Amino acid sequence: GNDAPPDNALQILQAILSWSNKINEQGLNVATDAVSDLNLPSAAVQDGLLRTEKQQLTAPVESSLRIPVHLADNLLRLAGENLITTGQIQESIKNSINKQCQLKKHNKLLQQLAFDLEHLIDIQGITSNFSHAVSNDIFDPLELDEYHELHTISRRLIEIAADSLALTSDLNSDLTDLQNLVISHGVIQRENQELALRTRMVPVKSIIPRLKRGIRQITRLIRKDVDLEILDKDVYLDSEVINELIEPLMHLLRNAADHGIESAELRKERGKPEKGKISITFDRVGDSVQIVVEDDGQGLDVEKIYAKALSGNLINEADELSIEETYRLILLHGFSTRDEATQVSGRGVGLDAVSVKIRELKGSIEISSIKGSGCTFRLSMPISSFFTHSLLVRVRENVYAISSRGVDEIMFPGTGELIDTDKGMLFEWEGQTCDAVYIDDLFNLGSDRRTIDRSLHPILLVRNESGSRTAVLVQSIKDSRHVVVKPLGKYLPKLEGVAGSTILGDGSVASVIDLPELLQSASNQKHVAAISYGRLQSPVRALPCVLVVDDSLSARRSLMRFVQDLGYEVREARDGIEAVSMIDKRRPDLVLADMEMPRMNGLELTSHIRTNYDAKSLPVIMITSRSSDKHRQAAQDHGVNHFLVKPFTEDLLAEQINIMLGSA
């Protein structure tokens with residue numbers, strides 16, 4: 001439909017229509033009579049008809065069903081909700097296993113206490129006086145053991161501790177079986193998700209005829225003989241993604257045919273076949289599709305590209321570029337190596353259009369070339385935008401889902417070496433060097449008050465939009481899982497580096513971070529605001545930190561939950577010694593301490609704080625069951641700011657916390 005029709009087009013079309021009508025009415029036996037009107041060799045047509053009939057008889061018949069788009073979207077939505085629920089179940093089981101481990105430790109402690117009590121009764125004879133008083137003087141104490149109620153209670157305590165330990169072991173076995181069932185359910189759910197996703201996906205081979213037709217048109221215009229080979233490997237892509245991908249692929253084909261493939265005479269001089277070759281390979285790699293566009297042309301001329309970029313003021317002479325960075329100059333807006341515009345090139349629409357479209361589709365592009373041998377473009381595209389593989393990363397008090405897009409490697413803490421320079425921090429490993437940055441700086445969170453050795457940070461090696469690598473230092477990596485990406489909604493503006501939000505296993509909302517986009521935004525000096533639990537947070541300062549010190553587990557957790565509900569960050573310590581070590585690592589804004597604790601009580605802890613820290617900047621609220629004036633005076637003498645007696649009213653405690661933090 002792109003060229004002028006032949007002169008006898010109507011006659012040919014009428015003859016074909018007559019042939020088709022006769023076949024429909026009288027069957028294939030009359031095909032040879034209809035062919036005579038077309039002036040075609042009847043033997044060739046008979047062979048073609050027999051071959052077609054044989055293929056129709058042997059080819060399996062697959063029935064198809066059309067469904068509306070909204071039904072496919074609802075299937076994906078339900079698959080996503082099911083995935084979220086499965087994650088919440090897994091998180092609940094994990095918490096139950098952790099609590100079971102704590103219960104096992106408490107049971108062992110209870111059993112040890114029971115053994116100690118039995119030792120006191122039987123070995124040290126703490127009931128010897130009572131036994132002597134009630135003895136009937138018939139038997140000597142060495143001749144007959146006498147048991148009393150204290151013995152009975154100690155024996156029962158030991159039996160209960162042993163039974164509790166056995167029940168804990170049975171509970172551990174049941175939780176393990178339940179966890180295995182949930183894992184099996186997750187595998188089935190993953191298959192359901194893939195099938196639901198297939199309802200929106202189409203095979204890549206559906207666009208092959210369009211690509212081949214396009215390359216034929218291009219080669220006719222530029223008068224070159226080029227062969228296009230496409231290997232699809234039965235890859236499927238989202239229908240929206242594949243429709244948006246056609247134009248970038250056509251642009252790459254035009255660029256390869258016009259700029260890469262030499263003329264037949266030049267190829268012959270260089271010892272190459274006169275017919276050029278361009279290949280496109282589609283391959284499924286994990287949750288992404290790798291598209292490789294390769295030609296056997298003359299490759300990229302680094303010197304010419306650098307000179308054109310310099311003359312076009314796209315770079316400065318002082319810029320030191322690697323070969324890979326020089327290759328990526330062809331993706332800049334306004335770059336072109338053609339001085340005159342033609343129907344194929346030099347019209348002001350360069351490969352920057354390909355780069356922009358790939359970034360919009362959350363993909364990446366890499367360029368490699370060998371001068372005189374050809375050029376290769378590697379595109380990495382996500383299969384779908386509904387789901388993504390992510391790393392759950394803790395940053396300060398929040399958890400973020402870092403999309404694995406662009407993450408090449410994950411380095412263990414201590415791998416490589418971090419070097420401070422005038423231009424910033426560098427990461428060096430295995431003879432390679434790249435820029436390094438804290439993820440706190442990308443979020444514009446400001447300095448962290450905690451003194452954490454940076455060699456303990458895991459490192460994510462992220463490939464930027466420019467193709468170079470950047471080492472991103474994170475606080476800790478909690479888990480790796482597939483998450484459902486939900487949009488932030490129309491009421492929030494576009495946030496650079498934030499792909500959306502997701503619901504974690506504990507029910508909290510976390511932002512899904514796209515590191516390549518975030519690094520690109522940071523390089524453009526557009527820092528993103530910190531996203532915490534799906535809400536915008538001020539990047540000026542972190543939340544005030546409250547340290548809760550109590551030896552009672554129930555009292556400590558109750559206080560922590562109460563302070564968290566007030567909107568503050570909370571840390572915990574079991575006694576004064578542990579609290580001192582935590583204060584040395586990171587200084588809190590307020591301390592809530594019990595008076596009576598093992599190793600170091602609340603009064604001793606307050607004295608240590610007043611001796612080693614500024615009294616005004618670290619207030620202490622003491623919460624105790626002791627209510628006498630003597631205890632109040634002792635607390636005041638040691639430097640306690642406020643004294644509360646259990647049970648206390650929550651409003652009074654909240655008021656005092658707000659007052660203390662306000663003054664601090």
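**Exercise 1. Two cysteines**

Is Cys-545 buried or exposed? State also how Cys-101 is classed and how many disulfides the structure holds.

Solution. The model is predicted, and each value below is computed from it.
- Step 1: Cys-545 has a relative accessible area of 0%. Buried means under 20%, so Cys-545 is buried.
- Step 2: Cys-101 has a relative accessibility of 35%. Partly exposed covers the range between 20% and 50%, so Cys-101 is partly exposed.
- Step 3: A disulfide is a covalent bond between the sulfur atoms of two cysteines. The count of disulfides in this structure is 0.

**Exercise 2. The parallel sheet**

Give the strand order of the sheet that contains E21 and E23, and find which strands stand at its edges.

Solution.
- Step 1: The order is E22-E21-E23-E24-E25, an open sheet of 5 strands with parallel pairing.
- Step 2: E22 (569–573) and E25 (642–645) each have a single partner strand, so they stand at the edges and one side of each has no neighbour in the sheet.
- Step 3: On average, neighbouring strands here are turned by 20° against each other, direction ignored.
- Step 4: Inside the sheet, E21 (residues 545–549) pairs with E23 (residues 590–593) through 4 bridges in the parallel sense. In this pair, Val-548 stands opposite Leu-592 of E23.

**Exercise 3. The mixed sheet**

Describe the sheet that contains E17 and E18, then locate Ser-508 relative to these two strands.

Solution.
- Step 1: This open sheet has 5 strands in the order E16-E8-E9-E18-E17, and its pairing is mixed.
- Step 2: The edges are E16 (476–484) and E17 (498–503); each has a single partner strand, so one side of each lacks a neighbour in the sheet.
- Step 3: The average turn between neighbouring strands of this sheet is 30°, direction ignored.
- Step 4: E17 and E18 (residues 509–513) run antiparallel and are joined by 5 bridges. Gly-500 stands opposite Val-512 in E18.
- Step 5: Ser-508 lies in the loop between E17 and E18. With a relative accessible area of 16%, Ser-508 is buried.
- Step 6: Ser-508 and Gln-88 are 420 residues apart in sequence, yet their C-alpha atoms are 10.0 Å apart in space.

**Exercise 4. Helix H4**

Which residues form a nonpolar patch with Leu-71, and which salt bridge partner does Lys-94 have?

Solution.
- Step 1: Leu-71 belongs to helix H4 (residues 69–122). Its relative accessible area is 37%, so Leu-71 counts as partly exposed.
- Step 2: The surface patch is made of Leu-65, Ile-67, Leu-71 and Leu-75, which together have about 370 Å² of accessible area.
- Step 3: Lys-94 meets Asp-479 in a salt bridge, with 3.8 Å from N to O.
- Step 4: Lys-94 is in helix H4 and Asp-479 is in strand E16, so the pair links parts of the chain that are 385 residues apart.
- Step 5: Both ends are partly exposed, Lys-94 at 36% and Asp-479 at 25%.

**Exercise 5. Further salt bridges**

How many salt bridges does a search of the whole structure find? For the pairs Asp-283 with Lys-233 and Arg-556 with Glu-572, give the distance between the closest N and O atoms.

Solution.
- Step 1: Side chains of opposite charge can pair when their charged atoms come close. The search finds 27 salt bridges.
- Step 2: In the pair of Asp-283 and Lys-233, the closest N and O atoms are 3.6 Å apart. Asp-283 lies in strand E4 (residues 276–285), and Lys-233 lies in the loop between E2 (226–231) and E3 (236–238), so the pair ties together parts 50 residues apart in sequence.
- Step 3: Asp-283, at 28%, is partly exposed, and Lys-233, at 45%, is partly exposed as well.
- Step 4: In the pair of Arg-556 and Glu-572, the closest N and O atoms are 2.7 Å apart. Arg-556 is in helix H15 (residues 553–565) and Glu-572 is in strand E22, 16 residues apart.
- Step 5: Arg-556 is buried at 6%, whereas Glu-572 is partly exposed at 33%.
- Step 6: Salt bridges also link Glu-262, Arg-267, Arg-270, Lys-272 and Asp-296 in a network.

Technical notes:
Residues are numbered from 1 along each chain as its sequence is written. This is a predicted model: local features need pLDDT of at least 70, side-chain atom pairs count only at pLDDT 80 or more; totals for chains, interfaces and linings use all residues. Side-chain values use heavy atoms; hydrogens and water are left out. Two strands pair if DSSP finds at least two bridges between them. Axes are lines fitted to C-alpha atoms, for helices over the stretch in contact, and angles run from 0 to 180 degrees between N-to-C directions. Patches are made of residues with over 30% relative accessible area and no salt bridge: like charges are joined within 9 Å, nonpolar side chains (Val, Leu, Ile, Met, Phe, Trp, Tyr) within 5 Å. Accessible areas come from the Shrake-Rupley method with a 1.4 Å probe; for residues, only the protein chains shown count as cover. A salt bridge is a side-chain nitrogen of Lys or Arg within 4 Å of a carboxyl oxygen of Asp or Glu. Buried means under 20% relative accessible area, exposed over 50%, partly exposed in between (1.4 Å probe, protein chains only). A disulfide is a pair of cysteine sulfur atoms within 2.5 Å.
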